Amino acid sequence: MKKGIAILLSITLLCMLGSCSSAKPETEMASSSLKKIETVHRAQWWLGAIGWDVAERTENLTGKGVTIALIDTGVDARHPDFANANIEEYHVVEAVQDDHGEHGTVVAGIICATPHNAEGVLGIAADVKLLSIDISNAETAKPEDLAKGIEYAVSQDVDIINISAGIIENNEEVAKAIDRAYEKGIVVVAASGNDYGGSTLYPARYENVLSVNALDSNGQKLFGDDSGKSIYVPGGNIVTTYSSATDSKKYASYTGTSVAAPIVSGTVALALQANPNLTNRDIYGYFHGNSAQFNVKTVLNDLNNIQQGGAKE
């Protein structure tokens, strides 16, 4: 097994494609306007599981004013469910022609998609600013490019960094970049890995990172985790946005910690909008000491009641 970064298009996966057919909704939404719909289609089971389906949402809590850096393969901002999304792209590596950013598009949909029609999907925090940092040449990525991506995110004063990728062994450059992000007050969220020997991958394994593992629709753990520090959220058969140069479908179902991590990133964005005085230390302390079932409103309420440690630097 190569000691590189495990992303969707490499042999070692953090996000596995479910069915290769287009994801079809079991029930249609009443309208593409979120103000008029009561629920998204049942294929997005995970929204109900975390208590953040349309009917359960807090009005005007959409992640507005919060920036998430998505360090991944890039995002296809042309997807119709990103029509109203605030997505900015930066390339650590040279962009590849016809690269649709498949893996990054999958992750981005969970964060900030807004359904454009009855087949569309809904993300957690539609109004965040998404800084898409492309570190991949469509097939591979190097640890040093991950470190560069983190450093760029730090330089842009983002609030959250989402890393749905992993490295098998410790990397000094990545570790130092993670520490700088933490020192700047940034919350770093990373996928724990898809059971590579039961070990949590780096950077999720680092102390200054929120590690995220996956549950199926029955609440069962999907992957091993020997770190004892992971947050468990839905990550099985997650229907989300999809884009490929060789496939015209717009949606697909994925399983993996890659699609679990953005659920936590999106929730943290909501918490920071609701309480801008929260620090990354507040957030890390809360999650590191809390193994209860993940519910967005519970998380928001608990974080809002935390005694503040001061504003972000």
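Is Lys-129 buried, exposed or partly exposed? In this predicted model, Lys-129 is partly exposed, having a relative accessible area of 30%. Its salt-bridge partner is Glu-88, and the closest N and O atoms of the two are 3.1 Å apart. Glu-88 belongs to strand β4 (residues 86-91) and Lys-129 to strand β5 (residues 129-134), so this pair ties together parts that are 41 residues apart in sequence. Glu-88 also counts as partly exposed, at 31% relative accessibility.

A search of the whole structure turns up five salt bridges. Among them is the one between the side chains of Arg-78 and Asp-76, at 2.8 Å from N to O. Here the two partners sit in contrasting settings: Arg-78 is exposed, with a relative accessible area of 61%, whereas Asp-76 is buried, with a value of 8%. Another salt bridge joins Lys-148 and Asp-145, at 4.0 Å from N to O. These residues are three apart in helix α3 (residues 143-155), which places about one helical turn between them. Asp-145 is buried, its relative accessible area being 10%.

Attention now turns to the nonpolar interior. In soluble globular proteins, nonpolar side chains tend to be buried together. The largest nonpolar core of this model has 92 residues, of which Ile-150, Ile-161, Ile-163 and Phe-294 touch the most other members. Helix α5 (residues 261-274) gives the most to this core, contributing eight residues. For a closer look at one of these positions, Ile-163 is a handy guide: leaving aside residues up to four places away in sequence, its contacts include Ile-71, Leu-146, Ile-150, Ile-178 and Pro-203. Val-188, Val-189, Ala-190 and Ala-191 are also touched by Ile-163.

Aromatic residues add a further set of contacts, with six aromatic pairs in the structure. One of these, Tyr-182 with Tyr-284, is edge-to-face, at 5.3 Å centre to centre and with 80 degrees between the planes. Because Tyr-182 lies in helix α4 (residues 172-183) and Tyr-284 in helix α6 (residues 280-288), the pair ties together parts that are 102 residues apart in sequence. Both rings belong to buried residues, with relative accessibility of 16% for Tyr-182 and 4% for Tyr-284. Tyr-286 and Phe-287 likewise pair edge-to-face, since their ring centres are 5.1 Å apart and their planes stand at 70 degrees. Tyr-286 is buried at 12% relative accessibility, as is Phe-287 at 6%. Together with Phe-294, these two residues form one aromatic cluster.

Finally, two lysines are found over tyrosine rings: the charged end of Lys-221 sits 4.5 Å from the ring centre of Tyr-232, while Lys-249 lies over the face of Tyr-242, at 4.3 Å from the ring centre.

Notes. Residues are numbered from 1 along each chain as its sequence is written. Side-chain values use heavy atoms; hydrogens and water are left out. Buried means under 20% relative accessible area, exposed over 50%, partly exposed in between (1.4 Å probe, protein chains only). Helices (H or I, at least four residues) and strands (E, at least two) are DSSP runs, numbered from the N terminus. A nonpolar core is a set of buried Ala, Val, Leu, Ile, Met, Phe, Trp, Tyr and Cys residues joined through side-chain atoms within 4.5 Å. Contact means heavy atoms within 4.5 Å. Rings of Phe, Tyr and Trp (its six-membered ring) pair if their centres lie within 6.5 Å; planes under 30 degrees apart count as stacked, over 60 as edge-to-face and the rest as tilted. A charge sits over a ring if NZ of Lys or CZ of Arg is within 6 Å of the ring centre and within 35 degrees of the ring normal.
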